[in-house]
Structure formats: C-alpha cells, structure tokens
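I opened a new notebook page for this model. My plan was to look up the metal site, the empty spaces and the aromatic rings.

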Amino acid sequence: MRSTLERTPALPSQGTVEPSAAASLVSADGIHVARSIFVDPAIYAAEKHLIFARSWLFLGHESQLPQPGDFLTTRLAETPVIVTRSRGGAIRAHVNSCSHRGLPVCRADLGNAHRFVCPYHGWTYDGDGALVAVPQERKVGRIDRSSLGLPAVPRIESYRGFLFGSLDAQIEPLADYLGDMRFYLDTYLDRFPGGIELVGPPQKWRLRANWKLPYENQLGDLGHASYLHGALFATNDAGRETEAHGFAMVPRAGHSASLRLMPEESTAEERAWGIEGVSAGMDPELLRYLLAVQAEAERRLGPLRARIKGLTLGIYPNLNFVWSNHALRVSHPCGPDETEIWTWLVLPKDAPDSIRRALRGQYNYVLGPGGIVEQEDSEAWAQQWIGSRSDYPQDRPYHYGLGAGQERPHPELPGMASGLFNEYYARAFYQRWRADMLRDERA
Ligand code: FES
Ligand SMILES: [Fe+2]
C-alpha cells in the first residue's frame, strides 16, 4: 500500500513551518516517520527553532559547581553556554560567545574562575556575564560596556540538582515540563540519601547520525538488546529478566522510563539496583553494596518503587539516563546528520572508593567510546544514516507500528505502559516532535 506520506516539502530555514508540511513528515498516530527528518538541513533548522529553542535542555548538575566561582561549559543545541556559581552562590547561565567577534570566552569543560578572558583580543567578562575589561580602551577611549555583556540564558531551573536552561522565556515551569517523569527520577534519586554526583568532565565524541536516533533508542528500545547486543545480552540474566519483566512507561509524550518491575515475590538480590548481570560474575563487594542499598530502598521507597529496576530514562528532547549503567547522556545536535554525545558517569556520593571504582569499570565496559554496547549502538545509528539518505524516502517511511494500540495505563505506575516490543515510547516521541513542529509562532 502506498504510504500517506508525501515527498518532503522544502521548509523555511527559520521559524514557522507550514502545518501541511510538518504534518506530512510524521503521521498523526506516530507510526510513519519520513526518513528525511533524519537528514534534511531545512528540517534541522526548523527543529533548532521550534524544538531546541523552546524546550528545557540539560545544562549540568549542581554537584559540578560546589564552590563560588565554579563553572562548566555546555551547549543549548548549538548555542555555547557557560554556567557559573557566582560569589553569592547563585547559579547563572550565559551564552559563551564574546560580544566582539564571537569566540567562546571559556573553553574549559569545568573549573573555577571569576574572570573569563577572550583569547582573541582580551575582552574580559565576570561570572555574571558583565564585560569588565576591554584592553583597547587604553588606546581608543571608553566604550559602553554595559550593553556588551554575555547574554543571559532566559530561564534556568533545577530539579533536585539537575540544572536545565531554556531560551524560551515563556516556557512552562520545569516541574510541569517533567510532569510524572519526576516519579521515575525520584525513584532513582531517593535510593541514595547522600545524593549523587557527576564524575569529571564528560566523555565526548561525534557520530554520523541524527540526534533523534540515540535519544529514541534510549527511551525504551528494549527489543533490540537481544539482537544487536546478542553477544552480551542474549544469554545472561539481565537479558532474561528484561524479556520477562521489561517494559516502557510514557508519563508524558517525549519522555519515557524503561524498567523492569520485579515480581512482588522477588528477592532483594533480584531487585538490587539495576545492574546488568547482577548475579553473574559480579564483584562480591559490589554485590554486598547493592544489596545494602536495596535494603535501604525498600524502607525509603516503599514496596512498589523498591521493585523498580530502572533501565533507561529519557527527558525530551535529548537527555537520557542509562540507569543500568550509571550513564547520563546528552545527544547534542551538530547538524542534520551529526551528533555529539556527551556522557557522564553518575555515582552515589557516599559510595566507598572501591565501589566507585567497580561502578566506573562497569560503565566503561558497556558505554562510552570503549564500551561494547556503545560501539554496537553507534554503528546501528550511523547505518541508519545510509538508509535515511535513500533516494526514495516518500515510498518507505520508517515504521514504528509494533504493538500499536496495545499500550495501556499502568495500574500502579504513572503513565502509559507498553510491553517489551511495543514501540509506543517512540510513537509518542514522534507525535510530540510533530506537535512541536506544527507550532505556529504567529499564534
Ligand atoms: S573576539 Fe573576543 S575579544 Fe575579540
Ligand atoms: Fe543498544
């Protein structure tokens, strides 16, 4: 049967997208997704304006900025950003681009400084973004510095230490944006009374793949693990457990939490903190630690949340947390067909050093540039680039129809539940993408 999707129309490079154009890219039910949305420069330009400039995007974690003067650099899509803790303790975010000729005024990932000196001509800014020195003034006289500070990111909010920024001054509050994703984030965070921290600067690398592909995968594509990662998962306990108990929850379209809800009769060991291969070849000290955390969790989280073994979380549009491997990830867009992945190891603050080492080893084995799962996934996403550039995209939109209509509200957990091979998590994501791309700025 011929697809209802039409040939991709040209989109304007900024701002408004004609509803008829955007509506033809993703079917209303989210099942059919045009290949062009993964490679077309005009669609990417519209995404930057209609999605990235109007969403809450992850900036960093407060644990990275414990002291006045601490800073980190990041991006809001392709806009470079510097996040600082001021002398007074407030956290601020500014565009990291010199008002003179645009260079980033800070190029380090993390550090402590009260001044940022642009390397080109020495213009100097403080942690509040103010332009405080222009060396050339000594020769040519004063200029009006007050209007030449670094532009502030219009909105910045924190949810339990996770800092988000938005270029949209009118965006809804972060708590509303997250909605019931807070339930799943809390289920993770409440396990650790001492809190969590992001370790070091992020690992960064680039992929020839559209930003939506890694994000979508880590929303809840549990079905691929036994195939693409067959060598690792097809035969081990984690793979079997996921087959038996895994599913995805969508508390709000675009967000998702994939997890295993362990049976009420499961043992504490079976429920221990979402580590892949928990009972097979695990370091005995790490297992003891996880069991101790689980025993605490049963008290702190209550019987329902203590049965949740989180696998992946996704916060629209491009933040993932691979709970099972302690990896926080952002898929920074760098164009229609290039993505820069940033990944941090996340650790419980109060874990002993030996446990931190064990968890770091487990993270590196699976994810990051040297991780076996990462390499397999990266290859799949890059191979999708080949398929997305097919000359006949109008004839074969991608099919996200597995399990369509089988998703249901969960009796105990917030959101819509979809079983192991049901692609509802992705349909909901592309429906939200479609709605955002249909936003009419003139309204
Ligand atoms: S570009 Fe920054 S001082 Fe000239
Ligand atoms: Fe994978």
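My entries follow in the order in which I looked things up.

**Ground rules.** I am working on a predicted model, where local features need pLDDT of at least 70, side-chain atom pairs count only at pLDDT 80 or more, and totals for chains, interfaces and linings use all residues. Residues are numbered from 1 along each chain as its sequence is written, chains are lettered from A and ligands numbered from 1 in the order in which they are written, and side-chain values use heavy atoms, with hydrogens and water left out.

**Iron site.** I started with the iron ion (ligand 2). Its protein donors are His224 (NE2), His229 (NE2) and two entries for Asp377 (OD), lying 2.0 to 2.5 Å from the ion. Donors here are N, O and S atoms within 2.8 Å of the metal (3.2 Å for Na, K and Ca); water is not among the atoms, so sites may look incomplete. Along the chain, the donors of the iron ion follow the spacing H-x4-H-x147-D.

Next I checked the angles. They run from 57 to 153° among the four donor atoms, and the site is irregular. For that label I used this rule: four donors are tetrahedral if all angles lie between 85 and 135 degrees; four are square planar and six octahedral if opposite donors are over 155 degrees apart and all others between 65 and 115; anything else is irregular.

Are the two histidines, His224 and His229, buried or exposed? His224 is buried at a relative accessible area of 16%, and His229 is buried at 2%. Buried means under 20% relative accessible area, exposed over 50%, and partly exposed in between (1.4 Å probe, protein chains only).

**Largest pocket.** I then turned to empty space. The largest pocket has a volume of about 360 Å³. Its lining counts 22 residues, and Glu216, Asp221, His224, Glu423 and Tyr425 lie nearest its centre. Helix 6 (212-220), helix 13 (372-388) and strand 19 (398-399) are the elements that give two or more residues to this lining. Helices (H or I, at least four residues) and strands (E, at least two) are DSSP runs, numbered from the N terminus. On a 1 Å grid over the protein atoms alone, a cavity is a set of points where a 1.4 Å probe fits but cannot get out, and a pocket is an open set with protein on both sides within 12 Å along at least five of seven lines; lining residues have an atom within 4 Å of a point. Grid points are joined across faces, edges and corners, and a volume is the space filled by probe spheres set on the points.

**Second largest cavity.** How many cavities of 30 Å³ or more does a search of the whole structure find? I noted four. The second largest has a volume of about 70 Å³. Its lining includes Phe162, Leu185 and Tyr188. Strand 16 gives the largest share of that lining, three residues.

**Aromatic rings.** I counted 17 aromatic pairs. Rings of Phe, Tyr and Trp (its six-membered ring) pair if their centres lie within 6.5 Å; planes under 30 degrees apart are stacked, over 60 edge-to-face, and the rest tilted. Phe58 and Phe162 make a tilted pair, 6.3 Å centre to centre with 50° between the planes. Phe58 sits in strand 2 and Phe162 in strand 11, 104 residues apart. Phe58 is buried at 3% relative accessible area, and Phe162 is buried at 8%.
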